[in-house]
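Work through the exercises below with the sequence and the model at hand. Each task is followed by a worked solution.

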Amino acid sequence: MKILVINCGSSSLKFQLIDSASEDVICKGLCERIGIDGSRIVYTPAGKDKITKESPMPDHNRAIELVIEALTNKEDGVVSLDEIGAVGHRIVHGGEKFTKSVVIDDEVIKAIEDVSDLAPLHNPANLIGIRACQKVMPGVPMVAVFDTAFHQTMPEEAYIYGLPYSYYEKYGIRRYGFHGTSHSFVSKRAAEILGKNATDLKVIVCHLGNGASLSAVDGGKCIDTSMGLTPLEGLIMGTRTGDIDPSVVEFIMKKENSTVADVMNLVNKKSGVFGLSNDLSSDFRDLEDAYVAGNPAAKRAVDAFVYRVVKYIGSYTAALGRVDAICFTAGVGENSGFVRKLICDKLQFIGATLNEEANKVRGKEEIISAADSKVTLMVVPTNEELAIARDTYALCK
Ligand code: ADP
């Protein structure tokens with residue numbers, strides 16, 4: 001079966017067409033600037049060159065129509081419409097309602113709407129993507145795969161905030177965590193690579209991209225993760241602060257005479273390694289180059305990022321009681337041997353030692369710990385689209 005995987009944002013839509021049998025990507029692409037002037041679709045059929053088509057996209061319905069056109073047109077299309085057996089949608093927030101992927105029906109749509117106040121930027125965009133697909137591909141089964149689902153096994157002591165309990169009861173204020181599809185995929189894959197059952201392993205997954213989070217996975221189940229009610233909590237990220245004292249918000253508002261919205265914009269979009277490096281860059285490639293060249297602002301940003309990761313690894317080692325493997329994934333985790341080395345050099349306290357030669361790897365599976373390391377260090381590239389396609393196939397075959 002051919003599965004169309006859709007990741008729909010407010011003004012963009014990423015897609016991949018995946019063959020469920022071979023797990024090959026048949027075509028992948030992106031619609032940009034939906035609802036904005038200058039919209040275009042960019043896609044790459046497997047083994048062919050990238051194709052760019054400028055085309056007005058007043059809304060997501062038109063974007064989905066263009067995706068279908070790209071996939072099925074006579075010139076460079078890769079399938080006929082009736083070959084697309086199911087659609088898998090990435091949904092950011094499933095609240096407490098969704099602990100696993102589900103086939104989308106009216107009730108599921110209503111439930112995704114009900115938790116939209118927890119992800120006001122993302123869930124409405126995800127719903128628009130679902131509705132647009134329903135319109136353009138009526139009758140094709142669709143599956144919702146939630147970023148939060150994998151983390152629903154966290155015990156209450158890990159997910160609850162130290163607020164009056166009534167705020168959890170009234171509003172659902174608690175830690176949910178994100179990147180769950182990636183943490184699930186990588187922790188399962190790590191077990192396969194090590195030839196062990198996931199149930200026998202204690203793993204820490206470091207998803208280090210522009211957005212970044214860690215998870216502690218015990219016997220295949222998530223017991224803690226670093227993101228919270230929203231993706232702002234936890235690690236210092238590309239442009240997000242990660243953990244800060246909430247009083248900082250009020251303090252800045254008073255000093256700068258600014259609004260809550262201003263400060264939320266600051267802590268989400270202008271902080272992290274970007275803000276710490278005096279706005280040098282949120283891209284770790286730039287920061288690494290500047291760090292090596294002796295730029296103190298880049299050093300400050302990367303060192304603070306690394307320190308926070310190590311601190312979380314320490315606390316998750318305590319939460320797990322033992323750690324068998326630490327997996328690095330996502331843009332930075334998969335590609336930056338430099339950042340991995342800075343992190344791993346601070347992990348002697350758990351007996352982890354790096355194999356510097358193996359650590360030169362980029363973007364592929366590799367064990368990067370030394371033979372005598374007490375903890376296996378590994379690079380495990382994530383593949384959220386494939387994980388979505390697998391869940392979709394499993395529910396629709
Ligand atoms: P997201 O999905 O959160 O946007 P990604 O997982 O795609 O993020 O990761 C993006 C980050 O990965 C960027 O900060 C980018 O600099 C970093 N990255 C990509 N390749 C490299 C590399 N070779 N070395 C260092 N960092 C890299």
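**Exercise 1.** With which side chain does the side chain of S213 make a polar contact? Place the residue in the fold and describe its surroundings.

Solution. The model is a predicted one.
- Step 1: locate the residue. S213 lies in strand β10, which covers residues 212–218.
- Step 2: check its accessibility. Buried means under 20% relative accessible area. S213 has 0% relative accessibility and therefore counts as buried.
- Step 3: look for the polar partner. The S213 side chain makes a polar contact with the side chain of H179, at 2.8 Å.
- Step 4: list the remaining surroundings. Beyond its neighbours within four places in sequence, S213 touches H179 and also, among others, F178, H183, C206, H207 and M227.

**Exercise 2.** Does the radius of gyration of the protein chain agree or disagree with that of a compact globule? Add the dimensions and the burial.

Solution.
- Step 1: take the expected value. For 397 residues, a compact globule would have a radius of gyration near 21 Å.
- Step 2: compare. The protein chain has 21 Å, so the two agree.
- Step 3: add the dimensions. Along the principal axes, the C-alpha atoms fill a box of roughly 60 × 55 × 45 Å.
- Step 4: add the burial. Of the 397 residues, 51% are buried.

**Exercise 3.** How many helices and strands does the protein chain have, and what share of its contacts with a separation of 6 or more links residues 24 or more positions apart?

Solution.
- Step 1: count the elements. There are 14 helices and 14 strands.
- Step 2: read the share. Residues 24 or more positions apart account for 60% of those contacts.

Key
Residues numbered from 1 in each chain as written. Predicted model: local features only at pLDDT ≥ 70, side-chain atom pairs only at ≥ 80, totals over all residues. Heavy atoms only, no water. Helix = DSSP H or I, 4+ residues; strand = E, 2+ residues; numbered from the N terminus. Rg over C-alpha atoms; globule rule 2.2 N^0.38 Å. Buried < 20%, exposed > 50% of the residue type's maximum accessible area, 1.4 Å probe, protein only. Contact = heavy atoms within 4.5 Å. Polar contact = N/O pair within 3.5 Å; in protein donor to acceptor, adjacent residues only side chain to side chain.
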